[in-house]
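Grab a coffee and work through these exercises with the structure open beside you. Each one gives a task, then a solution in steps.

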Amino acid sequence: MGIQSLQECEDEIKKLIRAQFPIIHLNTLEESRALETLLSVTRQMGRHVLLWSTSQGVVNPDTGDQKDLHLAQADLAVAVTAFQKAMSNKKAAEDGMVFVLIDPHPYLNERGNNPIYRRCLKDLANDIREKAWRASCVIISPIAEIPYELEREVTILDFPLPNRKEIKEYVRQFIDKVAEGKAIKITGDRQQFVDEFSEAALGLSQREIENALSYSAIDDFQIDLSDVNQIFHQKQQSVRKSGMLDFIDTKGLSLDDVGGLDRLKRWLMRRRAAFTRAGAEFGLETPKGVLLTGIPGCGKSLSAKCVAASWNMPLLRLDMGRVFTSLVGASEERMRHAIEVAEAVAPCVLWIDEIEKGLVRTGEHIGDSGVSLRVLGTFLTWLQEKTSPVFVVATANEIRQLPSEMLRKGRFDGVFFVDLPDPRERSDILRIHIERVDRLEDPLDFSALVDLAGGMEIGGRQSGMTGAELAAWVDDAMLLAFERYRVSGKRKDRALTVADFEAAYQEMSMIARVRAQELVMLRDWGAKHAQPASDP
């Protein structure tokens, strides 16, 4: 169990400093909040502090004083020498000192290519340990690039984002302050606003929460429950800035927009309860996700969009092509970064489309020095051990390319095979798309259309169009109807007819015809390794 609150983090920092751990790395993007917490801890402990950054050099953080021009322009090596010299002060040595380094990673990584900086930190760690100095060096940085020479000296501590209790307290203070000013109106139940805003804000930094609250107040000079949506805007910003994930708009969608797949839809809606407060209090575990495999064009991607909309959660799409890069170690880091962003935005749905194209089967030779296997390992380990409310929806068409490790129990909660729609599902899908073009009132024989769209037999089973082909069929029929109406100009020719569908059918190239043998193999795989997404 990691550190869950600011108080736990403060207690851990105190213990590490008292135990004279030589180098402590606070891993965080919240530099100001982390520094404020660290200075609070050192004041409680009565420790002297010196702070270094590339812009300010060496300063006393309490007074802002720079000792001389030399230290004001100090690079990391000069700063470390100044820290060591400071321990010659008897008072400082007795009280103890903490040396704080802000963002030193450009000096320490391999691209910095100057070993003196790593050697200086190594010497400082050796002095703290061998001379029994009452001192520690604390690094505050979002990048934990630890040189090999320093791995044994550094202790990494993840600085926690605000938890639910801390967010609630901050939101209450903000509301009270706004109420005193009387320039901004507060409507509705205050406690409900605090609860819902705090729940939605989990995963954001304090600065992002401040931005969302400030915008909510200034937007219309009123604070009410509708302002909870500002949290989703902040989370959308986090996703866009990551460069690894896309924020997908699901406005106006619901699971009713998916024709058929009733078994899958019931399975998904049962798991929605696990993301509610009542479900958590009941003891429900957070679901890991679902793997949707099967025939292309049968609703896998649409299901990912619609489940996020029905659950009222943000939908993030991970493009596996963006994960891979030529720099050594960068691909694995990109995958970890994408996971971190998804967890920061949680609760959310993470959609990985055509996952088989980015993850290689173990044992296959692909000539990338094992990068794909390491990315696969990073993803599967997270999927196995994750506790964050990120529901993964992975879709795959070339199911035989999926690594066997991905299919075993514990990775996904369920593996579903999405087959060609049966007659009842074809009818549902046709109604959805004919309603989309506002033609439900036209004189159409649905049973005739359903029969026409399914007049094929593959492997002893009746088959027909995919969901995507049915949608395209409706659009093609509409084009033919418009062409007829444009020529005649008669109102009666505006109606969509079965004849339009028959003419469009003759021009279609369907997957059930083109890839019939492959569909038999896919169905055989699905019968052995997955459960059907549709009711029998």
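**Exercise 1.** Which residues line the second largest cavity?

*Solution.* One thing before you start: this is a predicted model.

- Step 1: Go round the wall of the second largest cavity and you'll meet Gly259, Leu261, Cys298, Val418, Asp419, Pro421, Glu425, Ile429 and Gly467.
- Step 2: Sort them by class, and you get five nonpolar, two polar and two charged residues.
- Step 3: As for volume, the second largest cavity holds about 50 Å³.

**Exercise 2.** Describe the largest cavity: its volume, its lining and the elements that supply the lining.

*Solution.*

- Step 1: Searching the whole structure turns up four cavities of 30 Å³ or more.
- Step 2: The largest cavity encloses about 60 Å³ of space.
- Step 3: Its lining consists of His25, Pro104, His105, Leu108, Ile139, Ser141, Ile143, Glu145, Ile146, Pro147, Leu150 and Val154.
- Step 4: Two elements, α6 (105-108) and β5 (135-141), give two or more residues each to that lining.
- Step 5: Classify the lining of the largest cavity and you find eight nonpolar, three polar and one charged residues.

**Exercise 3.** Now for a pocket: which element gives the largest share of the lining of the second largest pocket?

*Solution.*

- Step 1: The second largest pocket contains about 480 Å³ of space.
- Step 2: Its lining counts 23 residues, and Gly299, Leu302, His433, Gly467 and Ala468 are the ones nearest the centre.
- Step 3: At least two lining residues come from each of α14 (300-310), β13 (390-396), α19 (423-436) and α21 (467-488).
- Step 4: The winner is α19, with four residues.
- Step 5: For the chemistry of the second largest pocket, count ten nonpolar, eight polar and five charged residues in the lining.

**Exercise 4.** Are α8 and α10 roughly parallel or roughly antiparallel to each other?

*Solution.*

- Step 1: A packed helix pair is described by the angle and the distance between the two axes.
- Step 2: For α8 (residues 164-181) and α10 (residues 206-220), the axes come within 11 Å and cross at roughly 30 degrees.
- Step 3: Angles under 35 degrees count as roughly parallel, so α8 and α10 are roughly parallel.
- Step 4: The crossing of α8 past α10 is right-handed.
- Step 5: On the α8 side, look for Ile167, Tyr170, Val171 and Phe174; they meet Ile209, Glu210, Leu213, Ser214 and Ala217 of α10.
- Step 6: By class, this α8 and α10 contact splits into seven nonpolar, one polar and one charged.

**Exercise 5.** Do the same job for α11 and α16.

*Solution.*

- Step 1: Helix α11 (residues 229-242) packs with helix α16 (residues 330-345) at about 175 degrees, the axes being 10 Å apart.
- Step 2: An angle over 145 counts as roughly antiparallel, so α11 is roughly antiparallel to α16.
- Step 3: Lys235, Ser238, Val239 and Ser242 of α11 make the contact with His337, Val341, Ala344 and Val345 of α16.
- Step 4: The contact of α11 with α16 has four nonpolar, three polar and one charged residues.

**Exercise 6.** Which residues of α21 and α22 meet?

*Solution.*

- Step 1: The axes of α21 and helix α22 (residues 498-506) are 8 Å apart, at an angle of about 115 degrees.
- Step 2: This pair, α21 and α22, has a right-handed crossing.
- Step 3: From α21 come Trp473, Val474, Asp476, Ala477, Leu480, Ala481 and Arg484, meeting Asp500, Phe501, Ala503, Ala504 and Tyr505 of α22.
- Step 4: The α21 and α22 contact comes out as nine nonpolar, no polar and three charged.

Conventions. Residues numbered from 1 in each chain as written. Predicted model: local features only at pLDDT ≥ 70, side-chain atom pairs only at ≥ 80, totals over all residues. Heavy atoms only, no water. Axes fitted to C-alpha atoms, helices over the stretch in contact; angles between N-to-C directions. Parallel < 35°, antiparallel > 145°, perpendicular 65-115°, else oblique. Left-handed = near helix turned anticlockwise from the far one by under 90°. Contact = heavy atoms within 4.5 Å. Nonpolar A, V, L, I, M, F, W, Y, C, P; charged D, E, K, R; others polar. 1 Å grid on protein atoms, 1.4 Å probe; cavity = no way out; pocket = protein on both sides within 12 Å on 5 of 7 lines; lining within 4 Å. Points joined across faces, edges and corners; volume = space filled by probe spheres on them.
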